[in-house]
Amino acid sequence: MSAGGPCGGPVPGDGPVTVLYDKVALIGLGLIAGSMSLAMRRAGLAGSITGYARSAETRAVAVEIGLVDHVCDTAAEAAKDADLVVLCVPVGAMEAMARDIAPVLKPGCTVSDVGSVKRAVIAAVGPHIPEGVHFIPAHPLAGTEHSGPRSGFAELFDNRWCILVPDGADRAATDRLRALWEGMGSFVEEMDADHHDLVLAVTSHTPHLIAYTMVGVADDLQRVTDSEVIKFSAAGFRDFTRIAASDPTMWRDVFLTNKDATLEILGRFTEELFALQRAIRTGDGDHLHAYFTRTRAVRRGIIDAGQDTAAPNFGRTPVPKG
Ligand code: NAP
């Protein structure tokens, strides 16, 4: 099935075009795959882009909006002859996809993924990768609370980090994948899988769990406050609801597969929460003030590092480049 759509090749004036992979296959066509396709096209990084999604509905949308050049009905069909195959499905679905594509993988090609957890993906996918195929896991630290084929945008990865977990993979293949992510606008760092999972448990996974919990508590309370929680929803709570609107399947899989690191950080979080609870009960204002002063400095550090601005919702809506 071919997709004739509005999305064209590289943006004129964006610099010289270097095709890094003649054929790229995206397995899964949601937010991340869609954004990859648009970002690759923007910079002319792929000769052609083929996609697979499990539902006919997603495949039809991908064709309708021209998200990729070709849409296939099976993952194996999409991965056949590809120079780069990227698994863009929830972490819990990676193994089945790897099993499906394994028989058709071209010798010398690269298989990567974008999963939010790395150790579990390596354990699930690694055993299916044939000899002579490079397996280089990756995780773009970029996203929104939206999902599905219509949610992607070319600027999603601009000035965001992408972590590669080569784990001894071929240097030239790793450098090529690095160049792809840089070409899509990212900064790239290489990391060990366990370290990645711990860092992400702190910066992403546990905060999501806390947001889910806070919104759940507010929802319970809502029943006794006659909908006032929604009506008078203030900025702090609204930010939590945005995070807690993230895809349930993706986040279920994140917690099931990054169990140890998340429980470790959650344990520390609970200890801190008890300390703040005691400070409130005992009226220890100095403790509260010192704590909030320290956390405020963290926010300033993130802004100084260029990973956010003081403006609300930075990076969460498509911003035209230019
Ligand atoms: P998404 O928008 O929900 O898209 C997921 C895609 O995977 C869809 O095409 C879906 O197919 C397919 N899929 C879902 N379950 C499947 C299964 N059991 N078997 C085969 N295909 C399945 O998700 P996304 O946000 O792009 O996330 C994709 C990956 O990127 C996840 O591993 C996630 O951890 C990672 N990631 C996400 C973010 C983020 O903020 N969203 C950031 C970084 C990394 P249908 O449409 O046909 O259902």
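**Notebook: sheet, ligand shell and selected residues**

I looked up the pairing of strand 1 first and found that four bridges join it to strand 4, the two strands running parallel. I note at the outset that this is a predicted model. For a register point I took Ala-25, whose bridge partner in strand 4 is Val-85.

**Entry: strand 1 and strand 2**

I turned to the other partner of strand 1. Strand 1 (residues 21-27) and strand 2 run parallel and are joined by six bridges. Within this pair, I recorded Gly-51 of strand 2 as the bridge partner of Leu-26.

I then asked how covered these strands are. Strand 1 has six of its seven residues buried, so it is largely enclosed by the rest of the structure. Strand 2 (residues 46-52) is mostly covered, with five of its seven residues buried.

**Entry: crossovers**

I followed the chain between the paired strands. Strand 1, helix 1 (residues 31-43) and strand 2 form a β-α-β unit, and I noted its hand as right-handed. From strand 2 the chain passes through helix 2 (residues 56-65) to strand 3, again as a β-α-β crossover, and this crossover is right-handed.

Strand 2 and strand 3 (residues 70-72) run parallel, with three bridges between them. For the register here I noted that Thr-50 stands opposite His-70 of strand 3.

**Entry: the sheet as a whole**

What is the order of the strands in the open sheet? I read it as 3-2-1-4-5-6, six strands with parallel pairing. Why is one side of strand 3 and of strand 6 (134-135) left without a neighbour in the sheet? Both stand at the edges and each has a single partner strand, so one side of each has no neighbour there.

At the strand 6 edge I checked the pairing with strand 5 (residues 110-113): the two run parallel and two bridges join them. Val-111 stands opposite Phe-135 of strand 6.

I also looked at what covers the middle of the sheet. Helix 4 (residues 94-101) lies across strand 1, strand 4 (84-87) and strand 5, and its direction makes an angle of about 155° with strand 4.

**Entry: ligand shell**

I listed the surroundings of the ligand. The shell holds 26 residues, and the closest are Gly-28, Gly-30, Ser-55, Gly-143 and Ser-147. Which helix gives the largest share of this shell? I found it to be helix 1, with three residues. At least two residues each come from helix 1, strand 7 and helix 10 (248-257). By residue class, I recorded 13 nonpolar, 11 polar and two charged residues in the shell.

**Entry: positive phi values**

I searched for backbone exceptions, given that most residues other than glycine have a negative phi. Asn-159 is one such case: its phi is positive, about 60°, although it is not a glycine. I placed Asn-159 in the loop between strand 7 (138-140) and strand 8 (161-164). Is Asn-159 buried or exposed? With 12 C-beta neighbours inside 10 Å, Asn-159 counts as exposed, because the limit for that class is 12 or fewer.

Asp-167 also has a positive phi, near 50°, and is likewise a residue other than glycine. Asp-167 lies in the loop between strand 8 and helix 6 (171-183). I counted 16 C-beta neighbours inside 10 Å for Asp-167, which therefore counts as partly exposed.

**Entry: Val-215**

My last residue was Val-215, which lies in helix 7 (residues 193-225). Val-215 has 18 C-beta neighbours inside 10 Å and so counts as partly exposed; the class of buried residues begins at 20.

Which residues does Val-215 touch, not counting those up to four places away in sequence? I recorded Phe-240, Thr-241 and Ala-244 as its contacts. I also looked up Ala-245, which is 30 residues from Val-215 along the chain; the C-alpha atoms of the two are separated by 9.5 Å.

Technical notes:
Residues numbered from 1 in each chain as written. Predicted model: local features only at pLDDT ≥ 70, side-chain atom pairs only at ≥ 80, totals over all residues. Pairing = 2+ DSSP bridges. Right-handed = clockwise from strand over helix to strand, strands pointing away. Contact = placed C-beta atoms within 7 Å. Axes fitted to C-alpha atoms, helices over the stretch in contact; angles between N-to-C directions. Near = placed C-beta within 6 Å. Nonpolar A, V, L, I, M, F, W, Y, C, P; charged D, E, K, R; others polar.
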